[in-house]
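Morning, everyone. Please pull up the model on your screens, and we'll go through it together.

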Amino acid sequence: MRVRPTLSWTPADDLPPGTTDLEPVVEALRAGGVLVLSGAGISTESGIPDYRGQGGSLSRHTPMTYQEFVAEAAARRRYWARSHLGWRTFGRALPNAGHRAVAAFARHGLVSGVITQNVDGLHQAAGSEGVVELHGSLERVICLSCGTVSPRRELAERLEEANPGFSPAAAGINPDGDADLTDEQVGDFRVVPCAVCGGTLKPDVVFFGETVPPRRVELCRGLVRQASSLLVLGSSLTVMSGLRFVRLAAGAGTPVLIVNRDPTRGDRHALTRVELPLGPALTTVAGRLGVTVGDAAA
């Protein structure tokens, strides 16, 4: 499954309208067996902007593509400079009420699994287990030559040593952990090679234009087939890697419910789309189900 570099999507005029009625979501969770599919919108309340919502990062930032990354040393230098700076801020983000609600639903046996399109690790930090990271994780780095996978913190330390004093002021941080820097701010940032073979290092995430590992795709398809319903949280479903699971569920007659403030490419396949902020909405749902959502310090 290739993540196509689809950077924009215009909603059709005939999409069903959104609602503020949370009862279908409550009833789906009460029945259990709900598979969660989350996108960047669930992390906005943690201070990480989404791509396409109000104030989304695509208005100022074009994500790196796999083709550009592997083809150009200058592109890799620019990426790693921006990502290294963004990592410091990204790593300080904490799970919000939406992440904590999903984890609480799972603890009460209402959620059968979580597939996330995000690379921030916030579902796991909130306590969710067995999360399928569809697009990988910024916590890991992979060598494109020898395949060695290593912790991101190790690379961060090596980049700190290679670029002492590198701390430009970024205009913003993006959902992929990339900081907004000018070419002048990137300057002569030094990229370090794989410590094992000297090859090219890449974050263990699926860039736009890159293929999602087939085994991961099949795992997700299996989870969709087994689910009683599919609950989409904070995703515009613009990228086909997430949309196809909505289509798979709808095609099998599995109810699809979406909580997203803006229209999505999956709306015509959905039983409902709730137009509410995710944290407050899921906290309200939890209250109706008698599920306690821990606070940020828990």
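I'll take the aromatic rings, then a helix, then the cysteines, then one threonine.

Ground rules. This is a predicted model, where local features need pLDDT of at least 70, side-chain atom pairs count only at pLDDT 80 or more, and totals for chains, interfaces and linings use all residues. Residues are numbered from 1 along each chain as its sequence is written, and side-chain values use heavy atoms, with hydrogens and water left out.

Rings. A pair of aromatic rings is described by the distance of the centres and the angle of the planes. Here, rings of Phe, Tyr and Trp (its six-membered ring) pair if their centres lie within 6.5 Å; planes under 30 degrees apart are stacked, over 60 edge-to-face, the rest tilted. The structure has five aromatic pairs. Take tyrosine 79 and phenylalanine 207: centres 5.4 Å apart, planes at 65 degrees, so edge-to-face. Tyrosine 79 sits in helix H3 (residues 73-90), and phenylalanine 207 in the loop between strand S6 (201-205) and helix H8 (214-226), so the pair ties together parts 128 residues apart in sequence. Helices (H or I, at least four residues) and strands (E, at least two) are DSSP runs, numbered from the N terminus.

Are these two buried or exposed? Buried means under 20% relative accessible area, exposed over 50%, partly exposed in between (1.4 Å probe, protein chains only). Tyrosine 79 is buried at 2%, and phenylalanine 207 is buried at 6%. Both belong to one aromatic cluster with Phe69 and Trp80.

Next, H8. Its 13 residues should span 18 Å (1.5 Å times one less than the number of residues). The end C-alpha atoms are 19 Å apart, which agrees. Its buried residues are Val217, Cys220, Gly222, Leu223 and Val224.

Cysteines. How many disulfides does a search of the whole structure find? Zero, with a disulfide being a pair of cysteine sulfur atoms within 2.5 Å. For cysteine 194, the nearest cysteine sulfur is that of cysteine 143, 3.7 Å away. For cysteine 197, the closest is also in cysteine 143, at 3.5 Å, too far for a bond. Cysteine 194 is buried at 7%; cysteine 197 is partly exposed at 42%.

Last, threonine 264. This residue lies in the loop between strand S8 (256-259) and strand S9 (272-274). Threonine 264 is buried, at 0% relative accessibility. A polar atom of its side chain lies 3.0 Å from the backbone nitrogen of glycine 266.

That's the tour.

Note on methods: A polar contact is a pair of N or O atoms within 3.5 Å; within protein, one must be able to donate a hydrogen and the other to accept it, and residues adjacent in sequence count only if both atoms are side-chain atoms.
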